[in-house]
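Biologist: Could you take me on a close look at the ligand site, and then show me what surrounds it in the rest of the fold? I'd be glad of a walk-through I can follow on screen.

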Amino acid sequence: MNNKHILVIDAGTTGIRVLIYNERNHILAQAYTEFPNYHPAEDRVEQDANEIWAATQQMMDKALDFLSLRLNDMSCIGITNQRATTVIWDKATGEPVSRAIVWQDTRTASRVEELQPEWAEKVYQRTGWALAPVYSSLSIEWILNNEPGVKERAQRGELAFGTIDSWLVYCLTGGANHVISASNASVTGSYDLTTGQWYEEWLSALDIPLSMFPEVCDDSGEIGRTDERVTGGSVPISGVIADQHAALFAQGCIEPGMAKCTHGTGTFLDLLIGEEPKIDTNSGICCQIAWRHKGKTLYALQGYAGCTGSAIQWLRDGLQIIDSSAESKSVASQVPDNGGVYFVPALTGLSAPYWDPYARGTILGISPGTTRCHIVRATLEGIVYSVRDFITEMQKISGFDIKSIAVDGGASKNNLLVQFQADQLGVDIVRPRNVEATSLGAALMAGLGVGIWKNEKECFAVSRNRQLFKPLIDEATRETQYQTWKLAVERSRKWSKL
Ligand code: ADP
């Protein structure tokens with residue numbers, strides 16, 4: 001029983017982590033390395049796809065060596081990855097035509113403004129995502145129009161586009177497979193959720209040949225097999241899933257209405273909604289494929305607050321009132337409440353449902369008795385209020401009344417934050433012992449794909465250690481606090497453009 005090993009490649013934005021799991025979801029080995037992110041201009045973030053592949057190979061070797069195992073000792077491989085980062089390579093040689101354009105890159109911001117009047121509503125309605133520079137289709141257009149000779153090669157059908165999952169599968173299979181998993185396809189700003197096809201009308205308006213696009217495969221199942229000549233083993237690749245989606249699965253959110261909340265640098269809340277997409281173009285909430293397994297597609301809504309964990313970092317590095325992010329808990333705990341202080345952490349603007357890039361961080365209610373403890377406490381509370389702002393929209397669109405949320409990510413280790421989340425949202429919050437959910441999601445998808453587990457429910461048969469936080473405040477207090485927050489938000493809006 002104890003000889004099923006799953007190798008997971010967690011291809012993040014700053015580094016590659018390779019983990020080896022057993023079928024009891026235990027991590028037996030892991031290896032991590034960073035790779036360079038390039039910033040050739042203020043609005044540009046680039047990566048070298050060959051460096052990502054080299055780092056992946058090195059970390060695979062390192063993790064296997066640690067256990068004195070070979071690739072052929074693995075039952076299967078799972079991949080989870082940063083989303084929407086765009087790679088274009090030559091189908092014949094496998095050589096990328098340029099550096100990859102990373103999801104954080106905003107070089108296409110002016111192009112977005114140009115396309116807005118004609119396309120904003122249409123593409124949101126079809127792709128489930130508001131038109132923005134994060135769209136891979138806009139990065140593809142940029143590369144085709146700006147790298148010499150690339151457009152002609154694309155038109156001759158010589159080039160392939162993929163996100164980092166596509167690229168890694170292509171490399172691992174020795175160039176045999178050009179695919180993208182359904183979850184990843186749905187966050188490229190190129191995939192039509194309403195038809196389940198690439199959105200041809202949009203791609204043709206951008207003059208991008210369809211021949212560049214990969215085949216969309218399930219997130220779990222027979223996706224490919226590693227090429228022995230390249231990797232030293234022949235092993236099925238049976239799980240490929242985008243990062244937030246992997247975390248949603250790992251948290252056991254397999255029934256519509258279940259949600260997870262990842263508190264990292266920013267906060268992502270994902271809510272599984274079932275087999276039909278639900279898109280509201282006025283909400284700023286994204287609709288995407290959660291995952292596809294055995295041809296069955298599940299959809300999720302996603303809300304995002306850009307400045308949450310990074311606001312804690314600002315307390316540490318900018319304001320310098322805490323020594324570490326973790327210290328935010330003990331400092332905030334020195335006071336019984338926020339003392340009337342509210343902090344809207346809009347350091348880089350406000351996301352859903354306000355969509356105000358000109359809003360700025362705002363601290364209100366400072367009195368002679370205010371201490372750093374109040375400010376730190378107000379920051380943790382501000383993170384939670386930011387989530388409440390968009391969760392209301394998500395409940396409206398989906399029709400689900402969220403009763404419980406599973407948390408993960410670095411900032412979810414903070415008990416005060418998590419308890420306040422339970423209090424303010426009025427829902428149960430559950431936190432697994434291991435808050436690194438992404439790689440586990442890929443391991444489970446891969447195991448499911450080769451039949452280590454027969455169905456989604458079996459993946460979660462092994463009981464996991466989870467801590468429960470129940471709401472402790474009454475409805476009236478909750479509402480008074482939230483209404484005060486709303487007033488604070490109003491004061492932060494449009495600040496940098498007044
Ligand atoms: P990412 O994957 O986005 O890089 P992580 O999941 O590693 O993020 O979480 C890192 C973020 O979590 C940082 O912004 C940090 O400030 C915050 N963080 C980490 N530990 C704590 C803590 N104990 N309390 C509050 N915030 C924390």
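Modeller: Happy to! The ligand is surrounded by 13 residues, and the closest are Thr265, Gly309, Gln313, Ser325 and Gly410. Please keep in mind that this is a predicted model. Start with threonine 265, where a polar side-chain atom sits 2.7 Å from an oxygen atom of the ligand. Glycine 410 approaches through its backbone instead: one of its N or O atoms is 2.8 Å from a ligand oxygen atom. For a ligand nitrogen atom, look at asparagine 414, which has a polar side-chain atom 3.1 Å away. On its own the ligand has 580 Å² of accessible area, and the protein covers 68% of that. Helix H10 (residues 309–317) gives the largest share of the shell, with four residues.

Now turn to the strands. Strand S18 spans residues 296–305, and eight of its 10 residues are buried, so the rest of the structure largely encloses this strand. One partner of S18 is strand S16 (residues 267–274), paired with it in the antiparallel sense through seven bridges. Within that pairing, aspartate 270 has glutamine 302 of S18 as its bridge partner. Strand S17 (residues 286–293) also runs antiparallel to S18, and seven bridges join the two. Here histidine 293 is bridged to lysine 296 in S18. S17 and S18 form a hairpin with two residues between the strands, and lysine 294 there takes a positive phi near 50°.

That hairpin leads us to serine 220, since among the residues touching serine 220 are Arg292, His293 and Lys294. Serine 220 belongs to strand S13 (residues 220–225). Is serine 220 buried or exposed? Its relative accessible area is 1%, so serine 220 counts as buried, the cut-off being under 20%. Its contacts also include Ser238, Gly239, Met445, Leu448 and Gly449. With methionine 445 there is a polar contact, as the side chain of serine 220 reaches the backbone oxygen of that residue at 2.8 Å.

Finally, have a look at the nonpolar interior. The largest nonpolar core holds 64 residues, and Trp202, Met212, Leu269 and Ile405 have the most contacts inside it. Beyond its neighbours within four places in sequence, methionine 212 is in contact with Ile88, Ile140, Leu144, Ala154, Leu159, Ala160, Phe161 and His178. There is also a second, separate core of 38 residues, including Leu7, Met60, Met74 and Val179.

Conventions:
Residues are numbered from 1 along each chain as its sequence is written. This is a predicted model: local features need pLDDT of at least 70, side-chain atom pairs count only at pLDDT 80 or more; totals for chains, interfaces and linings use all residues. Side-chain values use heavy atoms; hydrogens and water are left out. Buried means under 20% relative accessible area, exposed over 50%, partly exposed in between (1.4 Å probe, protein chains only). Two strands pair if DSSP finds at least two bridges between them. A nonpolar core is a set of buried Ala, Val, Leu, Ile, Met, Phe, Trp, Tyr and Cys residues joined through side-chain atoms within 4.5 Å. Contact means heavy atoms within 4.5 Å. A residue is near a molecule or strand if one of its heavy atoms lies within 4 Å of it. A polar contact is a pair of N or O atoms within 3.5 Å; within protein, one must be able to donate a hydrogen and the other to accept it, and residues adjacent in sequence count only if both atoms are side-chain atoms. Accessible areas come from the Shrake-Rupley method with a 1.4 Å probe; for residues, only the protein chains shown count as cover.
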